[in-house]
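Visitor: I'd like a quick tour of this one before I do anything else with it. Can you take my questions as they come?

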Amino acid sequence: MKRIFSGAQPTGNLHLGNYLGAIRNWVTLQQDFSDCVFCVVDQHAITLWQDPKELHRSIRELAAAYIAAGIDPRKSILFNQSAVPGHAQLAWVFNCVARIGWMNRMTQFKDKAGKNRENASVGLYVYPTLMAADILLYKATHVPVGEDQKQHLELTRDIAIKFNNDFGVDLFPVPEPLILGEATRVMSLRDGTKKMSKSDPSDYSRINLADDADAIAQKIRKARTDPDPLPEVVAGLANRPEADNLVTIFAALKGISKAAALADVGGQSFAVFKGMLTDLLVSELAPVSAEWRRLVADPAYIDSVLRDGAERASVLARPILDEVYDTVGFLRP
Ligand code: TRP
């Protein structure tokens, strides 16, 4: 039996980069797999400081974005991590299975902790054991991962194997990475060498999920380009980061390769291409964005979806956590 687990952090303003790079993936998975558990990982979010009011809002906004993009909360399970205590409970057991040497090899910790490692939260250090708990609490067999999370999934596999070995059981499956098609990396509209980011001071650098058609049109019109027309082949995008980015966005929205996109629009001026891109963005994004805004305005509905998701997730998790507790030797009086 196959079970998919995936998680995403609720950390602020959603934009086109989140949509094309992450949110859409879950919708694709839901079409291909019948048993999907999707989690808004709020406990991971607080490994870096989050303003409580903003976190509260971001959890609902992210859940709303997934529903607006096409996650069917009756078909798949959609919930927030902190609502199912088993994640933290299993993470503790895994903190005692994983070795300090394993943690010390995690490159994301080094990146996120920066120079002042002594001052990073302990939670940031053990982030990967919580991620392993997310996955293994449901005995998930397949986990979609981007490049940046491969090492964490590798660690999850090590934890599953060591737990099974240490206790002489065959309790956890060793989860497989699901490599989704080439991940779409959307770059800033002002600087094609920087990732599109919620924290860029210029709002013209990104298309927000909340932007209306006028805002989208204006941002694409102002997007940085170079003087040449679009190339006919992908190689012609080398050293043209802004052109590359706009073609990437165009291709991703159409669900085609960059080569196929250039076969279509190669040779066009940016003035013409930007018009086509704007139309495409508006027609693809407007329905999602409108539905998202409608859902965000209805927190009671979002909460009811998350509550129902947490209940269904708990039904799956409880017997697995019981099995773990029995295996470890905990008394369940
Ligand atoms: N670490 C993931 C990220 O930042 C989020 C995450 C948490 C996750 N738990 C997970 C992803 C379990 C997949 C499976 O993108």
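**Domains, salt bridges and odd backbone angles**

Visitor: Before we start, what kind of model is this?

Guide: Worth settling up front, as local features here need a pLDDT of at least 70. Side-chain atom pairs count only at pLDDT 80 or more. The model is predicted.

Visitor: Which residues does the domain assignment give to domain 1, and which to domain 2?

Guide: The assignment splits the chain into two domains, and domain 1 comes in two pieces. Those pieces are 4–184 and 299–328, while domain 2 is 203–294.

Visitor: How far apart are the C-alpha centres of domain 1 and domain 2, and how many residues are in contact?

Guide: The C-alpha centres of the two domains lie 31 Å apart. As for contact, 12 residues of domain 1 meet 13 residues of domain 2.

Visitor: How much area do domain 1 and domain 2 bury between them?

Guide: Interface size is often quoted as the accessible area lost when the parts come together. Here 74% of the buried area sits on carbon and sulfur atoms. The total for domain 1 and domain 2 is about 1200 Å².

Visitor: Which residues of domain 1 lose the most area to domain 2?

Guide: Three residues stand out on that side, together making up 42% of what it buries. They are Leu16, Tyr19 and Ala68.

Visitor: How many salt bridges and how many polar residue pairs link domain 1 and domain 2?

Guide: On the charged side, the rule finds zero salt bridges across this interface. Polar contacts do turn up, with both residues at pLDDT 80 or more. The count of residue pairs in polar contact is four.

Visitor: Which element gives the largest share of the side of domain 1 that touches domain 2?

Guide: Two elements give two or more residues to that side, α1 (16–32) and α3 (52–69). The largest share is five residues, and it comes from α3.

Visitor: Let's do charges. How many salt bridges are there by this rule?

Guide: Side chains of opposite charge can pair when their charged atoms come close. One group forms a network, linking Asp203, Arg206, Asp211 and Lys219. By this rule the count of salt bridges comes to 19.

Visitor: How many residues apart in sequence are the parts that Arg3 and Asp35 tie together?

Guide: The side chains of Arg3 and Asp35 meet in a salt bridge, 2.9 Å from N to O. Arg3 sits in the segment before β1 (4–8), and Asp35 in the loop between α1 and β2 (36–40). So the pair ties together parts whose separation in sequence is 32 residues.

Visitor: Are Arg3 and Asp35 buried or exposed?

Guide: The cut-off for buried is under 20% relative accessible area. Arg3 comes in at 10%, and Asp35 at 18%. So Arg3 counts as buried, and Asp35 is also buried.

Visitor: Which residues does Asp35 touch, leaving out those up to four places away in sequence?

Guide: We've already met one of them, as a polar contact of 2.9 Å joins the side chains of Asp35 and Arg3. The list in full is Met1, Lys2, Arg3 and Ile4.

Visitor: Back to α3. Which of Glu61 and Arg57 is buried?

Guide: Glu61 and Arg57 form a salt bridge with the closest N and O atoms 3.6 Å apart. They are four residues apart in helix α3, so about one helical turn separates them. Arg57 is partly exposed at 43% relative accessible area. At 10%, the buried one is Glu61.

Visitor: And which helix holds both Arg294 and Glu291?

Guide: This pair forms a salt bridge too, with the closest N and O atoms 3.0 Å apart. Arg294 is partly exposed at 48%, and Glu291 is partly exposed at 27%. They are three residues apart, about one turn, in helix α13 (residues 270–296).

Visitor: Now the backbone. What is the phi of Lys139?

Guide: Most residues other than glycine have a negative phi. Lys139 is found in the loop between α8 (127–136) and β4 (142–144), and is partly exposed at 24% relative accessibility. Its phi is positive, about 50°.

Visitor: Is Asn239 buried or exposed?

Guide: Asn239 also has a positive phi, near 60°. This residue is found in the loop between α10 (213–222) and α11 (241–254). With a relative accessible area of 79%, Asn239 is exposed.

Conventions: Residues are numbered from 1 along each chain as its sequence is written. Side-chain values use heavy atoms; hydrogens and water are left out. Buried means under 20% relative accessible area, exposed over 50%, partly exposed in between (1.4 Å probe, protein chains only). Domain bounds come from an automatic or database domain assignment. Contact means heavy atoms within 4.5 Å. Buried area is the accessible area (1.4 Å probe) that two parts lose on being put together, summed over both. A salt bridge is a side-chain nitrogen of Lys or Arg within 4 Å of a carboxyl oxygen of Asp or Glu. A polar contact is a pair of N or O atoms within 3.5 Å; within protein, one must be able to donate a hydrogen and the other to accept it, and residues adjacent in sequence count only if both atoms are side-chain atoms.
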